[in-house]
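Got the viewer open and a hand on the mouse? Let's take a walk through this one, stop by stop.

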Amino acid sequence: MPGKKIKTETHEHYHKDGSIWARGELQNGVMTGYWEWYRKDGSRMRSGSFEAGQQTGEWTTYASDGHVVKVTIMKPKTSPATL
């Protein structure tokens, strides 16, 4: 029996003023892959990856001048069924 078709699309959110707020991929409506968030002035604010809607791996926070403020390693949450 064939599996469910996976639909991946580029997705963008915008600030009220029309500037880009966030950009990344949705897979069947769920955040997946690499995403970036931006301030209203266009500078990158944060970036990182999602796996099945959960933050995973290295997430970077940037100052408005572009330098790295903080790097956080995100571990996937475990579901109660796997405990």
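What follows is a short tour of selections, with a note on what to look for at each stop. Keep in mind that you are looking at a predicted model.

**Stop 1: the whole sheet**

Start in cartoon view. You should find an open sheet of six strands, in the order E1-E2-E3-E4-E5-E6, with antiparallel pairing. Which strands sit at the edges? Select 8-14 for strand E1 and 68-74 for strand E6: each of these edge strands pairs on one side only. Going from one strand to the next, the twist averages 10°.

**Stop 2: the loop between E2 and E3**

Now pick strand E2 (20-27) and strand E3 (30-38), then click on Asn28 in the loop between them. Its phi is near 55°, which is a positive value in a residue other than glycine. Is Asn28 buried, exposed or partly exposed? Its relative accessibility is 40%, so Asn28 counts as partly exposed.

**Stop 3: the hairpin of E4 and E5**

Move on to strand E4 (44-51) and strand E5 (residues 54-62). E4 and E5 run antiparallel and are joined by five bridges. To see one of the partnerships, select Glu51 together with Gln54 in E5, its bridge partner.

The two strands form a hairpin with two residues between them. One residue to click in the turn is Ala52, where phi is positive, at about 55°, although Ala52 is not a glycine. Switch on the surface here: Ala52 has a relative accessible area of 67%, so it is exposed.

**Stop 4: the aromatic cluster**

Show side chains for Trp35, Trp37, Phe50 and Trp59, which form one aromatic cluster. How many aromatic pairs does the structure hold? There are five.

Zoom in on one of them, Phe50 with Trp59. The ring centres are 5.2 Å apart and the planes stand at 85°, so this pair is edge-to-face; the angle settles the label because planes over 60 degrees apart count that way.

Are these two residues buried or exposed? Phe50 has 10% relative accessibility and counts as buried. Trp59, at 0%, is buried as well. Both get that label because buried means under 20% relative accessible area.

**Stop 5: the hairpin of E5 and E6**

Keep E5 on screen and bring back E6. These strands pair in the antiparallel sense over six bridges. Trp59, from the previous stop, stands opposite Thr72 in E6. Thr61 stands opposite Lys70 in E6, so try selecting both of these cross-strand couples.

E5 and E6 form a hairpin too, here with five residues between them. What is the phi of Gly66 in the turn? Gly66 has a positive phi of about 100°.

**Stop 6: a nonpolar patch**

For the last stop, go back to the surface view and colour Val68, Val71 and Ile73. Together, they make a nonpolar surface patch of about 270 Å². Val71 has its place in strand E6. With a relative accessible area of 45%, Val71 is partly exposed, because that label covers values between the 20% limit for buried and the 50% limit for exposed.

While you have a strand on display, turn it edge-on. In a regular strand the side chains alternate between the two faces of the sheet.

Note on methods
Residues numbered from 1 in each chain as written. Predicted model: local features only at pLDDT ≥ 70, side-chain atom pairs only at ≥ 80, totals over all residues. Heavy atoms only, no water. Pairing = 2+ DSSP bridges. Helix = DSSP H or I, 4+ residues; strand = E, 2+ residues; numbered from the N terminus. Axes fitted to C-alpha atoms, helices over the stretch in contact; angles between N-to-C directions. Patch = residues over 30% accessible without salt bridge, like charges linked within 9 Å, V, L, I, M, F, W, Y side chains within 5 Å. Areas by Shrake-Rupley, 256 points an atom, 1.4 Å probe, with all protein chains shown as cover. Salt bridge = Lys/Arg side-chain N within 4 Å of Asp/Glu carboxyl O. Buried < 20%, exposed > 50% of the residue type's maximum accessible area, 1.4 Å probe, protein only. Phe/Tyr/Trp six-rings, centres within 6.5 Å; stacked < 30°, edge-to-face > 60°.
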